[in-house]
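Me: Here is a structure I would like to go through by question and answer. Please keep the replies short and end each on what was asked.

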Amino acid sequence: MEKSLIVAVADNWAIGRKNALLWNLPGDMAYFRKNTTGCPVIMGYMTYLSLRGPLPKRHNIVISLFPWPDAPERITLASSLENAYEIAEKDCDGSEGAPSKCFVMGGAYTYKEAMAYSDTLYITHVHDVVEDADAFFPVIDPDIWEVSSRSEMQTDPVSGIQYEFVVYKRRAAEQ
Ligand SMILES: NC(=O)c1ccc[n+]([C@@H]2O[C@H](COP(=O)([O-])OP(=O)(O)OC[C@H]3O[C@@H](n4cnc5c(N)ncnc54)[C@H](OP(=O)(O)O)[C@@H]3O)[C@@H](O)[C@H]2O)c1
């Protein structure tokens, strides 16, 4: 199973404020949906709370240390990131039609931990600086990550905000 991570990040590495996203970019939402549909998605409890319920057509795996007796049926609770990957691995079992990757989809706490395990980063670089953000993504170290693909620059028709889709792969370890 390929361990992936997907996020929209400002130029100052901001990703959220008051447990909400910073932008409403339909083009980025479509990119997120296209990449993650059919795959297990792993998220921290705070990110789950920020959604309007489980994401459709994806196995939603939510990490929380606390028991959650009234958890919706369509989610699976995980006790740690490692446990979440174990659960996702069962979906990505190599059978016909099974997904080959899982996605960590936030938030700040969960991304920070997942960076050490991830093979691929799907980063939407949003060319904006958000000074009053309270959730940040770790700086991407070019010694560890290389750009595998970069889209053309996109422009949101309503806000005029520019953004691009960049996929990073972990560099092979030197012998
Ligand atoms: N820009 C983007 O693409 C994007 C995407 C997603 C989220 N976000 C933003 O990120 C912000 C939320 O980030 P956050 O850091 O506050 O929350 P988070 O990572 O979503 O959730 C943190 C919580 O998840 C649980 N958790 C995560 N990893 C765990 C582990 N290894 N062991 C045990 N529990 C674990 C804990 O919950 P318990 O306390 O219940 O144990 C922890 O308090 C929001 O502003 C959101 O909008 C942005």
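Me: Leaving aside its neighbours within four places in sequence, which residues is V9 in contact with?
Reply: This is a predicted model, in which local features need pLDDT of at least 70, side-chain atom pairs count only at pLDDT 80 or more, and totals for chains, interfaces and linings use all residues. Residues are numbered from 1 along each chain as its sequence is written. Two residues are in contact if their C-beta atoms, placed from the backbone, lie within 7 Å. With sequence neighbours up to four places away set aside, the contacts of V9 are I15, I123, T124, H125, V126 and F137.

Me: Which element gives the largest share of the largest nonpolar core?
Reply: A nonpolar core is a set of buried Ala, Val, Leu, Ile, Met, Phe, Trp, Tyr and Cys residues joined through C-beta atoms within 7 Å. A residue is buried if 20 or more other C-beta atoms lie within 10 Å of its own, exposed if 12 or fewer, and partly exposed in between, with C-beta atoms placed from the backbone. The largest core has 38 residues, and L5, V7, V9, I15, I42, A84 and F103 have the most contacts inside it. Its largest share, 6 residues, comes from β1.

Me: In β6, which residue is the bridge partner of L5?
Reply: Helices (H or I, at least four residues) and strands (E, at least two) are DSSP runs, numbered from the N terminus, and two strands pair if DSSP finds at least two bridges between them. β1 and β6 (residues 101–104) run parallel and are joined by 4 bridges. β3 is also parallel to β6, with 2 bridges, and there V41 stands opposite F103. For L5, the partner in β6 is V104.

Me: Within what arc do the buried residues of α1 fall?
Reply: The buried residues of α1 are D28, F32 and T36. They line one face of the helix, because the directions from the helix axis to their C-beta atoms fall within an arc of 55 degrees.

Me: Which exposed residues does the face of α1 turned away from its buried side carry?
Reply: The buried residues of α1 are covered by elements including β1, β3, β6, β7 (120–126) and β11. Just after the helix, G38 takes a positive phi of about 90 degrees. On the face turned away from the buried side of α1, the exposed residues are P26, A30 and K34.

Me: Which residues are exposed on the other side of α3?
Reply: In α3 (residues 81–91), L81, A84, Y85 and A88 are buried. These lie on the same side of α3, because they cover an arc of only 100 degrees around the axis. Their cover includes β1, β3, β4, β5 (75–78), β6 and α4. The other side of α3 has the exposed residues E82, E86 and K90.

Me: Is N60 buried or exposed?
Reply: N60 is in strand β4, and its C-alpha atom is separated by 5.2 Å from that of V41, 19 residues apart along the chain. Not counting residues up to four places away in sequence, N60 touches V41, P54, L55, R74 and I75. Because N60 has 20 C-beta neighbours inside 10 Å, it counts as buried.

Me: How many residues of the shell around the ligand are charged?
Reply: The ligand is surrounded by 27 residues, each with its C-beta atom, placed from the backbone, within 6 Å of it. The closest are G16, G44, M46, G106 and G107, and β1 (2–10), β2 (14–16), β3 (41–44), α2 (45–50) and α4 (108–114) each supply at least two residues of the shell. Ala, Val, Leu, Ile, Met, Phe, Trp, Tyr, Cys and Pro count as nonpolar, Asp, Glu, Lys and Arg as charged, and the others, Gly among them, as polar. On that division the shell has 16 nonpolar and 10 polar residues, and the number charged is 1.

Me: What is omega for the peptide bond that joins G106 and G107?
Reply: G107 lies in the loop between β6 and α4. The bond joining G106 and G107 is cis, with omega about -5 degrees.

Me: What is the phi of K57, which is not a glycine?
Reply: K57 is in the loop between α2 and β4 (60–63). K57 counts as exposed because it has 9 C-beta neighbours inside 10 Å. Its phi is positive, at about 60 degrees.
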